[in-house]
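This report follows the aromatic pairs, the buried helix faces and the loop residues of one chain. It begins with the terms of exposure and then moves from the rings to the core and the loops.

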Amino acid sequence: MKFFGWLLVQNHIQTKENLLKKHCLDSDVCEVCNSGIESAAHLIARCSFSAGFWSRLGVNLTEDDVANLWLVRPPVHLPTRHFNAFLLLCCWRLWKHRHDVVFCSLAPCYSRLLAGCREDADIWSYRLPPDDRDVALAWAAAFSPPSPAIVSITDM
């Protein structure tokens, strides 16, 4: 994971932008959103799908932040402890989601992405110190789908 994070902030993951430079592909268009050049910053922050993902999590992440992930501040509903691990988990899952779209021909899907994030958060929680298990619970809550709104008769 640390190696992936290092490659990500250096823009050296094998995005279409990098593969086009190596003459491995004919196009560098992002297949997740079908617009924009698929660079590391695009895939993680600028792509409309990833921007929607971060918005759902309440994380303010810009394209410029991708090269400096360690400087991103957590939103108030997420613990500051291990926030860098949270960001790395999210980036890793966005990368894996992109692979599902490109190589498995799956449509972009927030519920599938969030389910994968929850699964990884559960696994990663065992790497946290026992006193920090509450951090993993906060992550799981952030990755859970919003509860359905309760509509009263007066709202109709």
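A residue counts as buried when its relative accessible area is under 20%, as exposed when that area is over 50%, and as partly exposed in between. By this scale Gly58, at 39% relative accessibility, is partly exposed. The model discussed here is predicted.

**Aromatic pairs**

The structure holds 8 aromatic pairs. One of them is formed by Phe49 and Tyr110, which are stacked with 4.3 Å from centre to centre and 10° between the planes. Because Phe49 lies in helix α4 (residues 48-57) and Tyr110 in helix α6 (residues 110-125), this pair ties together parts of the chain that are 61 residues apart in sequence. Phe49 is itself buried, with a relative accessible area of 8%.

Phe86 and Phe143 form another stacked aromatic pair, for which the centres are 5.2 Å apart and the planes again enclose 10°. This pair also links distant parts of the chain, since Phe86 belongs to helix α5 (residues 83-103) and Phe143 to helix α7 (residues 133-143), with their positions 57 residues apart. Phe86 is buried at 0% relative accessibility, and Phe143 is likewise buried at 0%. Both residues belong to one aromatic cluster, formed by Phe83, Phe86, Trp139 and Phe143.

Tyr110 has a further partner besides the ring of Phe49, for Arg56 lies over the face of Tyr110 at 3.9 Å from the ring centre.

**Helix α4 and the nonpolar core**

Which residues of α4 are buried? They are Phe49, Ser50, Gly52, Phe53, Trp54 and Leu57, and what covers them includes α3 (40-46), α5, α6 and α7.

The largest nonpolar core has 45 residues, and among these Phe53, Trp54, Leu57, Val59 and Phe143 touch the most other members. The elements that give two or more residues to this core are α1 (2-9), α3, α4, α5, α6 and α7, and the largest share, 10 residues, comes from α5. Phe53 illustrates how these parts meet: leaving out residues up to four places away in sequence, Phe53 touches Cys90, Leu94, Tyr110, Leu113, Leu114, Cys117 and Phe143. Two of these contacts, Tyr110 and Phe143, are residues that also take part in the stacked pairs described above, Tyr110 with Phe49 and Phe143 with Phe86.

Ser50, which is placed in helix α4, is a polar residue among the buried positions of that helix, and at 1% relative accessibility Ser50 counts as buried. A polar atom of the Ser50 side chain lies 3.0 Å from the backbone oxygen of Cys47, and the backbone oxygen of Ile44 lies 3.4 Å from a polar atom of that side chain. Apart from its neighbours within four places in sequence, Ser50 is in contact with His42, Leu43, Ile44, Ala45 and Leu94.

**Loop residues with positive phi**

Helix α4 is followed by Gly58, whose phi is positive, near 75°. Gly58 is placed in the loop between α4 and α5, where, not counting residues up to four places away in sequence, Gly58 touches Pro75 and His77. The C-alpha atoms of Gly58 and Ala138 are separated by 13 Å, although these residues are 80 residues apart along the chain.

A positive phi also occurs in residues other than glycine, namely in Asn11, where phi is near 60°, and in Asn34, where phi is near 60° as well. Asn11 is found in the loop between α1 and α2 (16-21), whereas Asn34 is placed in the loop between α2 and α3. How do the accessibilities of these loop residues compare with the scale given at the start, and what are their phi values? The table sets them side by side.

| Residue | Phi | Relative accessible area | State |
|---|---|---|---|
| Gly58 | near 75° | 39% | partly exposed |
| Asn11 | near 60° | 25% | partly exposed |
| Asn34 | near 60° | 59% | exposed |

With a relative accessible area of 59%, Asn34 is exposed because this value is over 50%, while Asn11, at 25%, is partly exposed because this value falls between the two limits.

Terms used
Residues are numbered from 1 along each chain as its sequence is written. This is a predicted model: local features need pLDDT of at least 70, side-chain atom pairs count only at pLDDT 80 or more; totals for chains, interfaces and linings use all residues. Side-chain values use heavy atoms; hydrogens and water are left out. Rings of Phe, Tyr and Trp (its six-membered ring) pair if their centres lie within 6.5 Å; planes under 30 degrees apart count as stacked, over 60 as edge-to-face and the rest as tilted. Helices (H or I, at least four residues) and strands (E, at least two) are DSSP runs, numbered from the N terminus. Buried means under 20% relative accessible area, exposed over 50%, partly exposed in between (1.4 Å probe, protein chains only). A charge sits over a ring if NZ of Lys or CZ of Arg is within 6 Å of the ring centre and within 35 degrees of the ring normal. Contact means heavy atoms within 4.5 Å. A nonpolar core is a set of buried Ala, Val, Leu, Ile, Met, Phe, Trp, Tyr and Cys residues joined through side-chain atoms within 4.5 Å. A polar contact is a pair of N or O atoms within 3.5 Å; within protein, one must be able to donate a hydrogen and the other to accept it, and residues adjacent in sequence count only if both atoms are side-chain atoms.
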